[in-house]
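Colleague: I should be grateful for a close look at a single part of this structure, followed by an account of how its surroundings and the other chain are arranged. Please take the points in connected order.

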Amino acid sequence: GLILLFYLVFYGFLAALFTFTMWVMLQTLSSDIPKYRDRISSPGLMISPKPDTALEFYFNKSDAQSYAEYVSTLRKFLESYDDSKQSQNINCTPGRIFDQNDVTVKKACRFNLSELGQCSGKEDKTFGYSKGTPCVLVKMNRIIGLKPEGEPRIQCTSKEEGMVEINYFPPEGLIDLMYFPYYGKSLHVHYLQPLVAVQLAVNSNSTKDEIAIECKILGSPNLKNEDDRDKFLGRIAFKVQMTE
Amino acid sequence: QDDHKLSTSDLEEKYGTSITKGLSSARAAEILARDGLNSLTPPKATPEIVKFLKQMVGGFSILLWIGAVFSWISSGIQIAQGAESPFDNLYLGVVLALVVILTGIFAYYQEAKSTNIMASFSKMIPQQALVIRDAEKKELPADQLVVGDIVEIKGGDRIPADIRLIFTQGCKVDNSSLTGESEPQSRSCDFTHENPLETRNIAFYSTTCVEGTATGIVINTGDRTIIGRIASLASGVGNEKTPIAIEIEHFVYLVAGVAISIGVLFFIISVSLRYMILDSIIFLIGIIVANVPEGLLATVTVSLSLTAKRMAKKNCLVKNLEAVETLGSTSIICSDKTGTLTQNRMTVAHLWFDNQIYSADTSEDQTTQPFDQSSPSWTALSKIVTLCNRAEFRPGQENLPIMKRVVVGDASETALLKFAEVILGDVMNIRARNKKVAEIPFNSTNKFQLSIHETDDPNDKRFLLVMKGAPERILERCSTIMINGKEEPLDSEKAEAFQTAYMELGGMGERVLGFCHLYLPEDEFPDTYPFDTDSMNFPTSNLCFVGLLSMIDPPRSTVPDAVSKCRSAGIKVIMVTGDHPITAKAIAKSVGIISATSETVEDIAKRLNVPVEQVNRREATAAVVNGMELKDMSLEQLDEILCNHSEIVFARTSPQQKLVIVEGCQRQGAVVAVTGDGVNDSPALKKADIGIAMGIAGSDAAKNAADMVLLDDNFASIVTGVEEGRLIFDNLKKTIAYTLTKNIAELCPFLIYIIASIPMPIGTITILFIDLGTDIIPSVALAYEKAESDIMNRRPRNKKTDRLVNEQLAVYSYLQIGIMQSVGAFVTYFTVYAEQGFLPSTLLGVRVNWESNAINDFEDSYGQEWTKYQRRYLQWTGYTAFFVSITIQQVADLIIRKTRRNSIFQQGLFRNKVIWVGIFSQIGIALILTYGLGHVTALNFTPLRFQYWFVAVPFAILIWVYDEVRKLLIRRYPGSWWDKNMYY
């Protein structure tokens with residue numbers, strides 16, 4: 001009996017101590033930006049839709065069922081980019097870093113879906129999958145305070161030449177500097193990260209082949225894209241196989 | 001075997017041989033084919049590879065092998081599934097296997113150092129023997145000898161087999177390797193004793209012929225010889241597990257039990273939480289690795305060998321490492337007398353002259369004698385002692401202390417010579433000035449020694465006749481007695497006084513000699529008088545009795561103190577000697593084995609004046625048991641004696657009876673230490689829990705059978721050994737408590753990882769770096785800790801109840817300090833993650849997504865997105881932080897483990913310098929790992945922000961304060977609930 005009581009008190013004390021030290025520790029943190037950001041100095045790239053099986057797209061362009069999930073994922077992903085959701089967002093000056101350090105309420109820049117052209121899902125509800133020109137959205141990971149230098153753009157290449165023709169929306173895969181920097185979830189409430197749509201026009205004689213595509217971020221000296229260990233730092237590789 | 005009783009011709013007939021011609025070669029070959037080679041069969045040795053493999057699967061090795069195999073299986077599955085990093089588990093398996101193999105090699109190496117008992121027996125075999133075969137003398141390899149061979153032996157030879165002597169010439173053999181008797185013994189052809197071991201006409205295999213020549217018939221060869229039988233007896237005596245081995249086994253079972261049950265429990269939990277089987281297996285590996293103190297067994301070995309080294313400095317050479325601790329748990333020491341308790345040399349202890357007994361100084365380093373030397377009787381006595389003595393110092397030793405000089409002469413004469421030299425100075429010069437003109441040496445029929453000298457007084461032309469010998473024989477030849485320098489007639493009153501003194505000295509177990517002299521009248525014996533010792537043309541009666549001197553082999557001066565230490569340490573000291581009971585008892589009394597107030601049954605009988613049978617045996621605390629009585633005793637009777645008497649002396653015992661005594665003590669549940677030197681002590685030495693061989697007097701076989709060799713043959717060294725042994729037991733407790741603590745801090749991360757699905761707080765490799773890296777030197781350092789209190793004031797530990805790892809130790813380490821460490825480490829872990837953007841609330845339940853290779857935009861609490869590799873690197877930072885926190889808190893753990901009861905301040909924070917070496921090494925290794933090797937990916941360390949080193953510091957201080965409070969309460973309230981539950 002006594003021994004149980006002892007441990008009850010002992011562990012109660014330890015739990016209280018743990019809670020207290022954690023509380024003290026959390027008090028030292030800002031709710032706006034993390035104390036350190038050195039572990040993510042450069043952003044990773046990611047695509048949408050993201051297939052369950054390790055970034056490989058398999059679909060039949062004549063079978064709507066085979067790409068239904070990609071389409072719905074894209075639709076869902078783009079919901080937050082819908083004009084109705086961007087009513088509070090402002091139009092920023094393109095090509096310039098949108099510094100808001102002095103402002104308490106950080107504004108978000110508008111990203112018009114029309115910039116995504118054929119991949120905006122407005123004209124082609126299947127994002128090109130039914131026509132054999134599937135769209136993949138490439139996005140750059142959000143990092144608080146990141147200010148890309150130069151003219152960052154996404155460029156994708158296929159190892160197998162001539163199998164696929166790649167189109168970018170906005171043109172040349174440019175990522176506008178006005179969307180930077182990001183101020184964090186709590187300060188920058190309606191922030192939308194810029195997207196680059198990549199439309200792959202698979203050659204008709206290359207169907208059934210597996211096409212490996214690698215997208216990289218280029219044109220910005222402070223965005224790394226060739227890290228040995230991190231395969232997603234400033235780049236992303238995926239595969240597409242389309243049948244008819 | 002009655003070969004020693006048979007006549008020569010009977011022997012010839014029995015063995016089909018001829019004394020003059022020997023065997024024929026053909027017959028010899030036949031017998032050789034029948035009996036085999038004349039050599040000792042070595043015991044079936046365990047093949048080295050088997051010994052090695054045993055080390056590979058002993059202790060925790062099995063658990064680690066299981067871990068390694070699971071690692072390989074899971075990495076195999078991962079490779080088959082084409083996972084991203086399948087080699088992590090492969091490496092882990094290799095590392096685990098390496099850990100097992102390296103610790104196995106270490107243990108094997110330690111064991112290999114303990115030598116094999118048979119090795120020295122086989123070394124004793126003589127190479128060549130001179131044999132008569134086909135009527136010719138032949139030189140043969142000794143292993144070719146067969147029963148019936150006629151062999152010739154000369155001085156310096158080793159006896160090639162057991163031989164019945166048929167012709168001897170001044171033959172003496174050194175039987176010390178067999179019986180422990182150091183005096184060479186003469187051999188003859190005569191049957192002198194029923195017992196083949198005692199009779200003079202048999203020479204034994206492996207003993208040495210010191211001088212003379214002999215011829216004999218081989219009666220036993222190889223394993224059938226006496227020494228062969230002893231060898232097989234010794235190797236037949238099972239090697240019992242040492243107490244510390246039992247303790248360590250108990251501890252291994254305990255830890256393995258905890259590891260397996262937690263492992264299996266969480267395997268079931270993780271499977272029922274719908275983890276994949278593969279993941280569950282990986283968790284299981286982690287739990288096993290976290291739970292097993294990989295470095296501990298090696299640490300224990302190192303600690304033991306450190307103590308062994310320290311003991312070697314104190315003249316206890318330990319052959320078997322585990323014996324270090326056995327000595328500490330010893331509860332009975334069966335000690336030899338001669339040489340161990342005593343100085344092994346005769347020394348004058350008492351004198352009687354002028355009707356008074358004087359005591360002499362018997363210490364090892366005497367330079368003067370304090371008794372009253374003014375009486376003219378002493379002058380006369382000293383003259384006899386000086387002159388009637390044939391012993392001489394070997395030349396060239398003038399610079400040595402008198403007691404250390406080598407003397408040519410027998411034991412009593414040596415004693416007298418040294419005694420005289422100490423008091424009178426240059427004895428040789430005195431002898432030269434009193435020229436010897438005639439001498440009759442001592443012989444057993446006369447029982448006296450006599451010499452006649454000129455005097456050194458130029459005016460005194462008389463001759464001086466001096467005589468010494470057995471007191472009663474000397475007194476018979478005297479008609480006067482010297483009192484205060486004057487000759488007085490020896491009346492019955494004075495004879496009575498002599499008798500009383502003689503009885504008193506004899507009763508002290510001392511060897512008494514009488515001394516008398518006579519100045520020969522000048523007119524009857526002019527300086528040209530031809531003294532003839534054969535016809536004895538001089539008076540040998542009506543002499544003047546001068547005094548008595550008694551001698552004893554005195555106890556070593558350090559022994560009484562050592563015996564009383566044993567007494568306060570609850571160790572029973574039993575004297576086992578071949579000596580006469582009276583001598584044995586006297587020595588036992590003088591060293592305190594029999595204390596001043598206790599009585600034997602015989603003493604009580606004498607005091608009460610009743611027959612021995614009427615005395616209540618329970619009243620007697622002491623007992624002196626004669627070897628002859630012991631022979632007729634049943635085991636129950638022996639047990640009764642060992643049980644009822646606290647002070648026991650076994651006198652007149654044969655070395656074989658030692659084994660019986662040891663077994664008797666062991667039946668009482670005691671841990672028995674036994675000293676011995678002869679070959680035939682080796683079964684007892686092996687049987688004992690700890691056999692102690694004498695380094696100087698001991699035979700090789702005894703040294704081989706023993707666990708420990710006493711380099712200075714001194715009993716007091718055993719006691720210092722006991723002290724060291726007890727200390728190491730206490731310190732091993734500390735080491736184990738220290739090591740077990742952090743296992744909880746290594747285990748908790750896994751459990752919480754499984755249950756709360758947080759990112760992994762610490763890696764398996766990292767755990768190995770703690771167990772085999774930072775923690776090793778500190779845990780060895782605890783072996784240098786000084787005793788907390790006088791460990792020689794408590795009873796020997798009870799084998800059954802005083803465990804090395806008891807419940808309190810495990811519970812306190814695991815459930816209290818270990819949990820505190822875990823809390824401290826988790827605070828650091830959460831701090832690292834929170835400051836990088838993952839608040840604790842975000843971390844719960846993220847495991848699957850966190851570890852998914854496909855998710856490269858994992859969102860943190862601030863909206864930032866992380867790639868898999870960025871998360872992984874953060875995870876390693878978490879590992880490093882957790883590792884550093886454990887290390888920091890282990891420093892506190894190390895400091896609190898210095899004592900179990902006393903405050904650290906009582907013990908002194910700086911007295912044990914090695915602890916500080918440990919602390920610095922711990923922190924140094926952690927610094928190297930984090931900053932030096934922080935970029936080696938395979939090790940999973942990252943350079944850590946400096947402030948994270950201090951997050952756990954408050955917890956480290958808390959651990960220390962908590963333990964001080966624990967100790968304070970234990971000291972304040974002994975016997976309380978707290979004391980019972982918190983003292984380990």
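Colleague: In which loop of chain B is T942(B) found?

Modeller: The model is a predicted one. In it, T942(B) sits in the loop of chain B that runs between α34 (913–932) and α35 (953–972). Although placed in a loop, T942(B) counts as buried, because its relative accessibility is 0% and the threshold for burial is under 20%. Its side chain forms a polar contact of 3.3 Å with the side chain of T877(B). When residues up to four places away in sequence are set aside, T942(B) touches Y873(B), W876(B), T877(B), T880(B), T930(B) and G934(B). T877(B) therefore appears both as the polar partner and in the list of contacts, while the burial follows from the accessibility of 0%.

The loop leads on to α35(B), a helix of 20 residues. From its first C-alpha to its last, α35(B) reaches 28 Å, close to the 28 Å expected at 1.5 Å a residue. Its buried residues are F955(B), A956(B), I959(B), Y962(B), D963(B), E964(B), R966(B), K967(B) and I970(B). An α-helix has 3.6 residues a turn, so residues three or four places apart point the same way. The buried residues of α35(B) pack against four elements of chain B, namely α29 (807–835), α32 (868–896), α33 (904–907) and α36 (977–982), and also against α1 (2–27) of chain A.

That packing leads to chain A. Residues 6–26 of chain A carry the UniProt annotation "transmembrane region", which comes from an unreviewed entry. The span is 100% helix and 0% strand, and the C-alpha atoms at its ends lie 30 Å apart. Chain A is divided into domain 1 (1–30) and domain 2 (36–242), and the C-alpha centres of these two domains are 46 Å apart.

For chain B the division is into four domains: domain 1 (8–26 + 126–234), domain 2 (249–294 + 723–950), domain 3 (316–342 + 556–713) and domain 4 (347–534). Between the centres of domain 2 of chain B and domain 4 of chain B, taken over C-alpha atoms, the separation is 78 Å.

The cysteines form a further topic. Over all chains the structure holds three disulfides. One of them joins C92(A) to C109(A), with an S to S distance of 2.0 Å. Both C92(A) and C109(A) lie in the loop between α2 (64–79) and β3 (135–140) of chain A, so this pair ties together parts that are 17 residues apart in sequence. The link of C92(A) and C109(A) is left-handed, with -100 degrees about the S-S bond, and both of these cysteines are buried.

Another disulfide joins C119(A) to C135(A), at 1.9 Å from S to S. It links distant parts of the chain, 16 residues apart: C119(A) belongs to the loop between α2 and β3 of chain A, and C135(A) to strand β3 of chain A. With -70 degrees about the S-S bond, the link of C119(A) and C135(A) is left-handed. C119(A) and C135(A) are buried.

C156(A) is joined to C215(A) by a disulfide with an S to S distance of 2.0 Å. The torsion about the S-S bond of C156(A) and C215(A) is about 105 degrees, so this disulfide is right-handed. Here the parts linked are distant, being 59 residues apart: strand β4 (residues 153–158) of chain A holds C156(A), and strand β7 (residues 210–218) of chain A holds C215(A). C156(A) is buried, as is C215(A). With the bonded cysteines of chain A numbered in sequence order, the pairing reads 1-2, 3-4, 5-6.

In chain B, C334(B) is in no disulfide, and its nearest cysteine sulfur, that of C665(B), is 4.2 Å away. C334(B) counts as buried because its relative accessibility is 2%. C516(B) is likewise in no disulfide, the nearest cysteine sulfur being that of C478(B) at 4.0 Å. C516(B) is buried, with a relative accessible area of 0%.

A last site in chain A is K208(A), in the loop between β6 (195–202) and β7 of chain A. K208(A) is exposed, because its relative accessible area is 61%. Apart from neighbours within four places in sequence, K208(A) is in contact with Q241(A), M242(A) and T243(A). The C-alpha atoms of K208(A) and N222(A) are separated by 38 Å, these residues being 14 apart along the chain.

Technical notes. Residues numbered from 1 in each chain as written. Chains lettered and ligands numbered in written order. Predicted model: local features only at pLDDT ≥ 70, side-chain atom pairs only at ≥ 80, totals over all residues. Heavy atoms only, no water. Domains from an automatic or database assignment. UniProt positions renumbered as here; feature names shortened; annotations may be inferred. Helix = DSSP H or I, 4+ residues; strand = E, 2+ residues; numbered from the N terminus. Buried < 20%, exposed > 50% of the residue type's maximum accessible area, 1.4 Å probe, protein only. Polar contact = N/O pair within 3.5 Å; in protein donor to acceptor, adjacent residues only side chain to side chain. Contact = heavy atoms within 4.5 Å. Disulfide = S-S within 2.5 Å. Expected span 1.5 Å × (residues − 1).
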